[in-house]
2 protein chains.
Amino acid sequence: MGEFELLARIRARLPRPGPHLRLGSGDDAAITVPGGATATSVDALIDGVHFRRRWSSLAQIGGKALAVALSDLAAMGAEAGEAYVVLGVPADLDEDGCLELLDGLAAVAEETGTTLAGGDVTRAPALTLAITVVGHAESADDLVTRSGARPGDALVVTGELGGAAAGLLLLDADSEARSPLVSPGQTKGERARLIARQLEPRPRLAAGRALAGAGATAMIDLSDGLGGDAGQIAAASGVGLRIEAATLPIEAGVAEPAKAAERDPLELATSGGEDYELLATLPAKLFAGAAAAVERQGGTTLTRIGEVVAGGGVEIRLPGGGLLAAAGFDQLG
Amino acid sequence: MGEFELLARIRARLPRPGPHLRLGSGDDAAITVPGGATATSVDALIDGVHFRRRWSSLAQIGGKALAVALSDLAAMGAEAGEAYVVLGVPADLDEDGCLELLDGLAAVAEETGTTLAGGDVTRAPALTLAITVVGHAESADDLVTRSGARPGDALVVTGELGGAAAGLLLLDADSEARSPLVSPGQTKGERARLIARQLEPRPRLAAGRALAGAGATAMIDLSDGLGGDAGQIAAASGVGLRIEAATLPIEAGVAEPAKAAERDPLELATSGGEDYELLATLPAKLFAGAAAAVERQGGTTLTRIGEVVAGGGVEIRLPGGGLLAAAGFDQLG
């Protein structure tokens with residue numbers, strides 16, 4: 001496989017460029033005219049560390065890599081702009097495999113309005129994806145960091161939690177050729193939906209912009225798990241976060257695989273990770289407006305799950321009055 | 001090694017941020033306010049593909065990775081802005097090794113005025129670096145692509161050629177425990193300089209800006225070798241390039257290791273690659289002014305090595321009247 005031929009085949013398949021791009025792939029660098037502020041984030045995904053090729057199609061791997069990278073832009077309230085993709089190709093992946101992976105990536109680009117503006121293709125010992133995404137906003141003040149949460153703010157989350165972790169349990173049980181985690185109460189469609197939450201996440205870009213516009217003071221995407229990611233907001237803002245476990249929007253169908261694997265659905269929702277929902281804080285009086293904006297523009301729900309308090313750390317309060325220890329902080333990868 | 005601890009140690013060592021950065025490492029994304037046009041490029045370097053750890057110190061690997069990425073911005077005539085670094089850490093590289101590598105990278109950042117604005121650290125099967133660099137210019141028109149060369153333009157190159165390839169010959173001979181390539185005419189300092197051209201290249205950022213300001217119509221950096229990279233300008237501009245071999249500025253000291261390895265110095269200069277000098281075209285009447293600007297602002301020389309002609313392809317004309325076939329086109333990595 002020649003690098004130049006492969007790049008030419010890739011370029012022929014790229015979706016149409018967005019408004020900021022002046023010159024795309026094929027020169028020493030891409031040229032853009034941002035006009036305002038940019039948010040830039042990088043993410044790496046490596047076979048055996050972040051995904052397993054036997055669980056995912058190549059298209060799913062490419063799509064998830066871009067979705068996960070874009071999720072960081074969603075958490076800033078930025079508009080998706082450009083993506084730059086490094087693809088490290090192992091010996092057992094041929095040119096058609098590369099193109100299948102890039103087609104999955106290009107589909108998420110098309111769906112989210114992201115321009116694939118450049119990249120690099122190289123040999124690698126394991127399938128490697130490193131993606132840089134650039135998002136846009138009119139000014140730096142329109143972007144939401146992790147550090148603006150204030151005591152008294154409401155703590156809110158988009159969509160539903162625990163689905164990605166439940167999907168992982170289903171995949172894990174299937175792949176280890178144990179009896180598959182099928183329970184009488186779970187339909188085939190529900191299983192497929194949970195597995196899709198794990199293998200085909202989508203970034204909450206529109207919901208992120210809605211929350212930024214509705215007055216969010218701090219925001220993060222849920223990649224490592226609610227407990228750990230909430231801890232990032234608490235630390236960056238110098239505040240404490242109090243979460244009421246009973247209010248968490250646990251995804252429908254999570255209970256069955258959790259039970260079969262002898263896990264608590266609440267644990268999946270708080271430390272499972274990879275749901276790529278948005279966790280945000282905002283003045284309590286703005287909650288109703290924000291929920292309406294997220295529903296209208298973001299196509300999902302907004303749930304109030306707790307509040308910001310003085311102090312530090314994250315408390316997850318159980319209905320009985322006890323506390324759940326927040327987990328998921330110190331992970332490499 | 002915890003990701004968060006390592007990131008905290010990394011952040012403590014970063015050079016001061018540049019004028020475009022509003023928020024650096026530690027949030028979901030970095031925030032910048034570009035103000036004008038940006039040039040963005042990504043490069044990946046993987047152990048065993050792009051470098052060998054036994055030849056280079058970790059600091060050299062980190063420094064070269066950033067230098068090579070910035071060389072693409074030099075070739076656009078952009079000012080160095082921000083860099084985003086993905087570091088894939090193999091099992092045999094400890095936290096101190098990571099920091100040594102990042103110190104080498106930070107030294108090149110400091111030297112070039114580049115802000116290390118974000119990154120990602122992950123496990124990987126082999127040491128992996130993927131670097132995204134963002135450069136700035138007042139407008140998109142100030143950036144020089146590969147496609148503006150016109151028949152009649154002069155073809156020029158900065159600095160000297162063949163040094164990096166000669167350095168590679170010296171390293172290769174040393175490492176294979178053959179008799180080292182020492183010849184009576186070569187001083188220790190000259191050997192060290194050639195090896196540094198291979199292991200510690202520096203991007204020609206100031207020379208690139210000088211050439212852009214002096215009217216360059218097309219520009220590329222010499223990573224794959226003069227023949228192959230000239231072919232990129234020829235193809236992108238729809239022109240032919242005629243290079244006079246006798247005019248090539250071959251680096252002092254290249255002849256000795258070339259002779260010992262039974263290679264032609266001219267071959268090292270035309271297809272050795274990795275010199276990271278700039279190859280540019282510009283109207284012939286602007287050459288004298290451009291040479292003066294490169295010398296004054298860029299701290300190096302500018303040599304006229306040929307001309308742009310109608311047609312296509314690259315011709316390297318030997319002093320006797322024959323032609324050297326241009327090589328180095330189809331390389332993966």
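**Exercise 1. The surroundings of Glu160(A)**

Task: In this predicted model, determine which residues Glu160(A) touches, not counting residues up to four places away in sequence, and decide whether Glu160(A) is buried or exposed.

Solution. Step 1: The residues touched by Glu160(A) are Pro249(A), Ile250(A) and Glu251(A). Step 2: Glu160(A) itself belongs to the loop between E7 and H4 of chain A. Step 3: A further residue to consider is Asp275(A), 115 residues apart from Glu160(A) along the chain; their C-alpha atoms are separated by 7.9 Å. Step 4: A residue counts as buried if 20 or more other C-beta atoms lie within 10 Å of its own. Glu160(A) has 20 such atoms within 10 Å and is therefore buried.

**Exercise 2. The packing of H4(A) and H5(A)**

Task: Establish how helix H4 (residues 163–175) and helix H5 (residues 188–199) of chain A pack, and which residues make the contact.

Solution. Step 1: The axes of the two helices are 7 Å apart and form an angle of about 105 degrees. Step 2: Angles of 65 to 115 degrees count as roughly perpendicular, and H4(A) and H5(A) are therefore roughly perpendicular to each other. Step 3: H4(A) contributes Gly163(A), Ala164(A), Ala166(A), Gly167(A), Leu168(A), Leu170(A) and Leu171(A), while H5(A) contributes Arg191(A), Leu194(A), Ile195(A), Arg197(A) and Gln198(A). Step 4: Sorted by class, this contact comprises seven nonpolar, three polar and two charged residues.

**Exercise 3. The two sides of H10(A)**

Task: Identify the buried residues of helix H10 (residues 287–298) of chain A and state what covers them.

Solution. Step 1: The buried residues are Ala290(A), Ala291(A), Ala293(A), Val294(A) and Gly298(A). Step 2: Around the axis they cover an arc of only 165 degrees, so they lie on the same side of H10(A). Step 3: The face turned away from this buried side carries the exposed residues Ala288(A) and Arg296(A). Step 4: The cover over the buried residues includes strands E7 (153–158), E10 (278–283) and E11 (302–309) and helix H6 (205–213) of chain A. Step 5: After H10(A) comes Gly299(A), with a positive phi near 65 degrees.

**Exercise 4. The relation between the chains**

Task: Describe how chain B is superposed on chain A and how many residues each chain gives to the contact.

Solution. Step 1: Chain B is superposed on chain A by a rotation of 180 degrees with 0.0 Å of shift along its axis, at an RMSD of 0.0 Å. Step 2: The two copies are thus related as by a two-fold rotation axis. Step 3: The contact takes 54 residues from chain A and 54 residues from chain B. Step 4: On the side of chain B, the largest share, nine residues, comes from strand E3 (residues 37–46). Step 5: Of the interface residues of chain B, 100% are also interface residues in chain A, so the copies meet through the same surface.

Technical notes
Residues are numbered from 1 along each chain as its sequence is written. Chains are lettered from A and ligands numbered from 1 in the order in which they are written. This is a predicted model: local features need pLDDT of at least 70, side-chain atom pairs count only at pLDDT 80 or more; totals for chains, interfaces and linings use all residues. Copies are superposed by least squares on the C-alpha atoms of residues with pLDDT of at least 70 in both. Two residues are in contact if their C-beta atoms, placed from the backbone, lie within 7 Å. A residue is buried if 20 or more other C-beta atoms lie within 10 Å of its own, exposed if 12 or fewer, and partly exposed in between; C-beta atoms are placed from the backbone. Helices (H or I, at least four residues) and strands (E, at least two) are DSSP runs, numbered from the N terminus. The arc is that of the directions from the helix axis to the C-beta atoms. Axes are lines fitted to C-alpha atoms, for helices over the stretch in contact, and angles run from 0 to 180 degrees between N-to-C directions. Angles under 35 degrees count as roughly parallel, over 145 as roughly antiparallel, 65 to 115 as roughly perpendicular and the rest as oblique. Ala, Val, Leu, Ile, Met, Phe, Trp, Tyr, Cys and Pro count as nonpolar, Asp, Glu, Lys and Arg as charged, and the others, Gly among them, as polar.
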